[in-house]
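Reader: I should like a close look at a single part of this structure. Please explain the terms along the way.

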Amino acid sequence: MDPVRYEDYRPVERPSYQAELDAVVAQVAQRTGASVEREAVGRAVRTAHGKTYGLLKATVTVGDNRGFHGQGIFARPTVYDAVVRYSNGLGHQRPDHQLGAACGMGIKLFGVPGRSLLADEPDTGTFDLNLINNDVFFANTAYDYMVVEELFAELPEGLANPARRKTWMAEFLTRRGTLTDPDGWLWDELFAMLSFTTVPRRNLLSYTYNSMGAFRYGDHIAKIRTVPTAESLAALTHQIVDVRADNEAFRRTLVAEATERDHSFELQVQLNTDLARMPVDNTSVKWPEELSPWVTVARVDLPRQDIGGEDNVEAADATSITPWRSREEHRPIGEIQRVRQEVYRRSSIERHRLNGQQRREPVSSAQLLG
């Protein structure tokens with residue numbers, strides 16, 4: 001089956017979108033400011049992906065992709081300097097056993113030609129992919145995000161506490177009572193949220209990480225993911241991540257693996273072949289692989305390196321990753337992707353301001369890591 005053409009996608013335009021987006025941005029800015037006192041670590045913390053586990057030097061090698069898969073920055077063989085940042089999905093700075101297992105893999109490529117989609121940094125040459133170790137997301141509109149972001153801030157206690165669990169899920173399902181018709185309740189979104197609770201705690205280098213949201217892929221539409229190569233997965237020696245025995249188990253395991261050997265991932269895309277069964281505007285629905293298989297278009301290599309110093313955590317924390325640091329050929333699409341554009345940008349601006357950090361895109365991995 002041939003992939004859907006990008007020009008055939010029609011975005012959903014809701015009259016209330018801009019007002020809801022403004023409210024979300026204000027809410028995230030307020031929570032970012034409040035995080036200085038709430039998290040008590042002497043600085044502002046992201047409202048999501050608040051705890052960073054490390055920043056690694058990487059190389060991204062684009063293959064000889066042809067036809068439908070040879071699009072945009074993946075149209076011809078190229079090698080990019082890059083970094084990879086690992087983080088926890090929740091917006092807290094806590095011991096690992098007080099956090100969930102939803103973790104992110106952010107990839108920043110350097111020296112990518114073309115103008116960035118971020119208007120305030122059009123010529124930086126960087127290109128970001130922000131991925132997470134699940135294949136569905138739990139919000140699809142600006143209004144969903146506004147309500148869910150408040151409930152998300154209660155995790156993991158909101159679901160771990162039996163006295164709160166049922167009311168938390170009821171508030172999520174009904175947008176805190178604003179959805180009165182059961183046919184309109186957020187069932188897909190709730191199941192997507194609950195799927196994060198089943199993610200096992202494993203070596204960060206063993207997960208598959210997904211974009212969840214869709215992107216333009218040149219003439220087509222796609223999602224993106226990374227999968228550890230078979231040889232890299234087989235070589236892992238620190239399989240157990242025991243958060244009860246070690247408050248910093250995720251980071252210590254990552255540091256140990258990075259110090260001992262090289263690691264590699266396949267960067268894959270899944271082209272959209274059916275807009276009805278592979279919806280762009282509902283990120284809570286997994287795209288069936290029987291309709292469109294994942295195809296490898298590049299390889300991500302992490303050379304053996306020492307990331308054990310505190311300066312590495314500081315560099316990781318200061319590194320900004322957003323799906324909108326992209327190019328027109330890979331424009332994020334769908335309402336929740338549009339929400340991320342301004343939310344991520346304003347959150348980054350506010351956090352860097354509060355922390356006295358210069359907000360400037362690096363030009364190479366060496367500038368970040370030495």
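Author: The answer below concerns one helix and its surroundings. This is a predicted model, in which local features need pLDDT of at least 70 and side-chain atom pairs count only at pLDDT 80 or more, while totals for chains, interfaces and linings use all residues. Residues are numbered from 1 along each chain as its sequence is written, and side-chain values use heavy atoms, with hydrogens and water left out.

The part chosen is helix α7, residues 249-260. Helices (H or I, at least four residues) and strands (E, at least two) are DSSP runs, numbered from the N terminus. The expected span of a helix is 1.5 Å times one less than its number of residues. For the 12 residues of α7 this gives 16 Å, and the end C-alpha atoms are 17 Å apart, which agrees.

How many of the 12 residues of α7 are buried? Buried means under 20% relative accessible area, exposed over 50%, and partly exposed in between (1.4 Å probe, protein chains only). Nine of the 12 are buried, so α7 is largely enclosed by the rest of the structure. The buried residues are Ala249, Phe250, Arg251, Thr253, Leu254, Val255, Ala256, Glu257 and Ala258.

These buried residues pack against the elements β1 (48-62), β2 (78-90), β3 (103-109), β8 (263-271) and α8 (310-318), where contact means heavy atoms within 4.5 Å. Among these neighbours, β1, β2 and β3 each give two or more residues to the lining of the largest pocket, whereas α8 supplies at least two residues of the lining of the second largest pocket. A pocket is an open set of points on a 1 Å grid over the protein atoms alone, where a 1.4 Å probe fits, with protein on both sides within 12 Å along at least five of seven lines; lining residues have an atom within 4 Å of a point.
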